[in-house]
Amino acid sequence: MPNDFDIAALSYDATFTNSTIGKAQRKQVQKHLKGLLCTKSKQQILELNCGTGEDASYFEKLGHQITATDISNEMLKIAKQKSKNSTSEFKILDIKKIKQIENNKTFDLIFSNFGGFNCLSKKEIKTFFSSVKNILQQNGKLVLVIMPKNTIWEKIYFFFKGDFTKAKRRNTSNAIKANVDGVSVKTWYFNPNEIKNIAYGFSVIKIKPIGLFVPPSYLQKSFLGNKIVISILQKLDHIFELSFLSKYADHYYIEFQKKSDL
């Protein structure tokens with residue numbers, strides 16, 4: 001798997017981070033994070049699946065202390081180049097082995113963006129929630145941005161391509177092979193209620209759709225990637241932020257708080 005994501009690192013910023021779609025979806029995530037990050041105190045943040053470090057760089061600019069992790073060494077190399085803060089840490093870490101991070105250091109916020117969490121099976125997610133409690137501060141927050149099963153854009157896209165099998169590909173409890181910049185990655189999809197039911201020891205604070213109108217990044221080269229079109233779709237996403245719509249978006253933002261009695 002590391003080699004797969006090493007290959008994807010070469011084009012990830014061009015195909016997603018710096019695209020109009022990628023920027024629009026990341027802006028939505030940052031909007032929901034604002035209440036956690038705009039504080040007087042410096043937050044200790046652990047980022048999982050940090051990719052090329054765009055979010056780590058954002059956290060740095062707000063004055064927080066970052067430990068950014070990823071399974072790909074090539075992703076981390078690019079992330080380090082974006083870093084302006086010598087105190088930020090960048091570490092190789094497989095999210096499936098998060099227990100390795102347990103070294104008496106705890107965090108105020110643990111964060112994983114844009115589907116990194118979808119690399120975990122349901123069984124692995126249960127193990128994740130059990131482990132992550134030990135490295136979160138009391139009342140610490142966990143924020144995940146996950147790909148759901150019922151994404152409307154995906155159904156429309158494949159329907160008009162005449163590929164009715166792929167239009168329903170996410171509606172399964174089994175893993176499928178998803179394309180990540182030309183690399184095939186084993187991927188599971190989960191709606192918000194499925195994650196809520198697994199998250200023992202955590203309270204759900206907020207669930208919001210990310211990319212209900214702004215489309216998936218594979219539509220960047222279509223007219224939907226046009227700046228004017230994206231601007232209109234962003235406004236619609238801002239209006240329709242209802243939690244129950246989250247399972248129909250490209251991703252959804254789910255924010256947990258560690259229960260104080262654990």
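This dialogue concerns two helices and one loop residue in a predicted model.

Trainee: Which residues of helix H6 are buried?

Mentor: Within H6, which spans residues 122–132, the buried residues are Ile125, Phe128, Phe129, Ser131 and Val132.

Trainee: Why do these buried residues line one face of the helix?

Mentor: The general idea comes first. An α-helix has 3.6 residues a turn, so residues three or four places apart point the same way. In the present case, the buried residues of H6 fall within an arc of 165° when seen down the helix axis, so they line one face.

Trainee: What covers the buried residues of H6?

Mentor: The covering elements include strand S1 (44–48), strand S4 (107–112), strand S5 (136–146) and strand S8 (202–210), together with strand S9 (251–258) and helix H9 (192–198).

Trainee: How should helix H7 be read, and which of its residues are buried?

Mentor: The same reasoning about turns applies. In H7, residues 152–160, Trp153, Glu154 and Phe158 are buried. These residues cover an arc of only 115° around the axis, which puts them on the same side of H7. They pack against helix H8 (164–167). After H7 comes Gly162, with a positive phi near 80°.

Trainee: Where is Asn18 found, and what does it touch?

Mentor: Asn18 lies in the loop between helix H2 (12–17) and helix H3 (20–37). Leaving aside residues up to four places away in sequence, Asn18 touches Asp13 and Lys23.

Trainee: Why is Asn18 called partly exposed?

Mentor: Partly exposed residues lie between the limits of 20% and 50% relative accessible area. Asn18 has a value of 47%, and is therefore partly exposed.

Key. Residues are numbered from 1 along each chain as its sequence is written. This is a predicted model: local features need pLDDT of at least 70, side-chain atom pairs count only at pLDDT 80 or more; totals for chains, interfaces and linings use all residues. Side-chain values use heavy atoms; hydrogens and water are left out. Helices (H or I, at least four residues) and strands (E, at least two) are DSSP runs, numbered from the N terminus. Buried means under 20% relative accessible area, exposed over 50%, partly exposed in between (1.4 Å probe, protein chains only). Contact means heavy atoms within 4.5 Å. The arc is that of the directions from the helix axis to the C-beta atoms.
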